[in-house]
Amino acid sequence: MAESTWVQISIYVPMGNAEDVRRALDQAGAGRLGNYRGASWSTTGVGRFTPMEGAQPTIGAVGVPSDVPEHKIEVLAPREIARSVIEAAIAAHPYEEPAYYVTEVFMADEL
């Protein structure tokens with residue numbers, strides 16, 4: 001099977017900052033499908049982390065575990081712009097180290 005030309009980008013964002021990150025994803029070209037733009041999927045959950053020495057946490061304190069209500073935002077993007085989409089999302093994100101991942105996606109015409 002050939003390499004896919006699409007990826008899914010998933011990023012975890014505090015609920016109060018989700019719209020800023022969605023806007024950045026859209027402006028970077030993610031979530032464009034046919035005659036639509038800004039297409040995304042979100043689920044809500046709780047992010048858990050403990051900042052270690054040297055961290056400068058936006059939320060919480062060094063050495064103290066934190067639970068933060070977050071949205072997991074998922075968008076599709078052409079592989080060729082994936083890096084710039086991720087960079088735009090990180091620039092709009094409030095965390096020092098945003099959690100995200102990228103998954104290869106095959107559209108029907110690629111199967």
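**Notes on a predicted model**

1. Start with the overall burial: 33% of the protein's 111 residues count as buried. Keep in mind that this is a predicted model.

2. On to the layout. There are two helices and four strands in the protein, and going along the sequence they come in the order β-α-β-β-α-β. The C-alpha trace spans about 50 × 30 × 25 Å along its principal axes.

3. Now for contacts along the chain. Among contacts with a separation of 6 or more, 77% are between residues 24 or more positions apart.

4. Helix 2, residues 82–92, is a good place to look more closely. Its buried residues include Ala 82, Val 85, Ile 86 and Ala 89. Looking down the helix axis, you'll find the buried residues of helix 2 within an arc of 100°, so they line one face of the helix. The spacing is no puzzle: an α-helix has 3.6 residues a turn, so residues three or four places apart point the same way.

5. What do the buried residues of helix 2 pack against? Their partners are strand 1 (6–14), helix 1 (18–27), strand 3 (66–78) and strand 4 (100–105). Turn to the other side of helix 2 and you meet Arg 83 and Ala 91, which are exposed.

6. Last, the surface and the charges. The protein has an accessible surface of about 6900 Å², and carbon and sulfur atoms make up 53% of that. As for charge, the protein carries 8 positive and 15 negative charges, and the mean positions of the two sets lie 5 Å apart.

Conventions:
Residues are numbered from 1 along each chain as its sequence is written. This is a predicted model: local features need pLDDT of at least 70, side-chain atom pairs count only at pLDDT 80 or more; totals for chains, interfaces and linings use all residues. Side-chain values use heavy atoms; hydrogens and water are left out. Buried means under 20% relative accessible area, exposed over 50%, partly exposed in between (1.4 Å probe, protein chains only). The arc is that of the directions from the helix axis to the C-beta atoms. Contact means heavy atoms within 4.5 Å. Accessible areas come from the Shrake-Rupley method with a 1.4 Å probe; for residues, only the protein chains shown count as cover. Lys and Arg count as positive and Asp and Glu as negative; His and the chain ends are not counted. The place of a charge is taken as NZ of Lys, CZ of Arg, CG of Asp or CD of Glu.
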